[in-house]
Amino acid sequence: MKPSVKFFLLAWLLLTAADMALAQTAAYKELHKVKRKETIFGIARDNGITVEELIKANPEMNTPGYELRKGDYIKIPYPASQRPAATASAPITVPAKPEPVVTDIRQRELRVGVMLPLHNVNGDGKRMVEYYRGILMACDSLKKNGISTDVRAWNVSEESDIRTFLSDEHAADRDVIIGPLYSKQMKPLAEFVEQNDIRLLIPFSINSPEAAASSNIFQVYQNGIAVNEAFSNRLVQRFKDYHVVVIDCNDSTSTKGGFTTAVRKKLEATGRIYSITNLRSTETMFKKCFSTTEPNLVVLNTSRSAELSIAFAKLGGLLVNTPGLQISMFGYPEWLMYTRTHLENFYKFDVYIPTTYYMHPTATATARFQQKYRWNFHQDMQAYHQRYAVTGFDHAYFFLKGLHMYGKQFTGGKGMVGYTPVQTPLHFERTPGGGWQNTAMLFVHYTRDNKTETISY
């Protein structure tokens, strides 16, 4: 996608060139383009003039609330000892002032860059094409609300050297870049956005120290350790009056041991008693691990559907043989894929599924998005439990609306945008390294009266 160069930018460049040429014989020495972190004091010092001389040459600096901004042009006067004298034969020419360039992104179109694998070669590319389509749909919706965007996309595959794309002249003028998908591309991109004061929105999980090391970088998804920590914290807090039962499901391929370990450590730290049992335990031994005086919260150490089926059967038998026993279950995001098979048991066992995304299958917003996607692209979205086009829509709409509202002061904090997501909740908090991390999460709760609700954190 290559939008035409805007006429006012060309005119501005011509005026700037003429202005700088005339400046050599004018009452000031040159026009200076302000760099990041430069100050009025520093510019005056570096040019051998006083602050008062610099302000006199640039009267707008006396305006209340004036801020020196990167990219602004200011006049640098001659030092008093070098100022050229005016003569009748060589009158001082006052150059035309350049047309003002709108640097506040709240007052102009937002320039968006997308650096993701956008191809049909493999699953990564196909998913990211769908994600990118969601971005375009968000830009279309924003346009209807008076927010203009200029989108440029680069096909950055896994084998690509991302520095090749960063050398494109249009990469440096973006307000936000969305990407990358691969951790190995993170370092040069992080350096690039820092150098050019561009916001970087990392849409998926990246393992890179740079992701948390800059105030320009916003990461949507946390790594596995951080997710386990967040989910286990919420479990312990919300179910403080429950007796927790951890069930070993004998799944040697499971990756959920880190989560159950985190839960156990937090329970032990607060002095809470919990039980551990096994799917292969006898009915008598299994029953002993459950409380008859408190509600029980069951946590499996696997997310697989086969073991979940066995657990439901065993817990069902326990309920039949122990009238009055109360059981709820705490699951995993993967369980959202099992609703066709296990929905009845989700309701029966009061299941809570922690997740960072959820799209209610029967919601009006879901149906409307699916319909618009078909209209735009003449096909349905791919049948993943996370719909990537919806993810792209949520990310782009939230972030671009935030930039339009707050400019470069936008931090993505809770409540700043007031956007109700179709699938992916977002609110960012600062990391110890200085970057921004999305900490929003949900519990999808299947209630015993056959309703589905979402609990937001």
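This passage describes one helix, one hairpin and several salt bridges in a predicted model.

Helix H6 spans residues 186–196, and within this helix Met 186, Leu 189, Ala 190, Phe 192, Val 193 and Asn 196 are buried. These residues lie on the same side of H6, because they cover an arc of only 160 degrees around the axis. In an α-helix there are 3.6 residues a turn, so residues three or four places apart point the same way. The buried residues of H6 are covered by elements that include strands E3, E5, E6 and E7 as well as helix H5.

The helix is followed by Asp 197, whose phi is positive, near 55 degrees. The side chain of Asp 197 meets that of Lys 408 in a salt bridge, with a distance of 3.1 Å from N to O. Lys 408 lies in the loop between H13 and E13, whereas Asp 197 lies in the loop between H6 and E6, so the pair ties together parts that are 211 residues apart in sequence. Asp 197 counts as buried at 14% relative accessibility, while Lys 408, at 36%, counts as partly exposed. Both residues belong to a network of salt bridges that also links Arg 36, Glu 194 and Arg 199.

In the whole structure, 19 salt bridges are found. One of them joins Asp 175 to Arg 108, with the closest N and O atoms 2.8 Å apart, and this pair links distant parts of the chain, 67 residues apart. Both Asp 175 and Arg 108 are buried.

Strands E15 and E16 pair in the antiparallel sense over 5 bridges, with Leu 442 opposite Ser 456. The two strands form a hairpin with 5 residues between them, and Asn 450 in the turn has a positive phi of about 65 degrees.

Key:
Residues are numbered from 1 along each chain as its sequence is written. This is a predicted model: local features need pLDDT of at least 70, side-chain atom pairs count only at pLDDT 80 or more; totals for chains, interfaces and linings use all residues. Side-chain values use heavy atoms; hydrogens and water are left out. Buried means under 20% relative accessible area, exposed over 50%, partly exposed in between (1.4 Å probe, protein chains only). Helices (H or I, at least four residues) and strands (E, at least two) are DSSP runs, numbered from the N terminus. The arc is that of the directions from the helix axis to the C-beta atoms. Contact means heavy atoms within 4.5 Å. Two strands pair if DSSP finds at least two bridges between them. A salt bridge is a side-chain nitrogen of Lys or Arg within 4 Å of a carboxyl oxygen of Asp or Glu.
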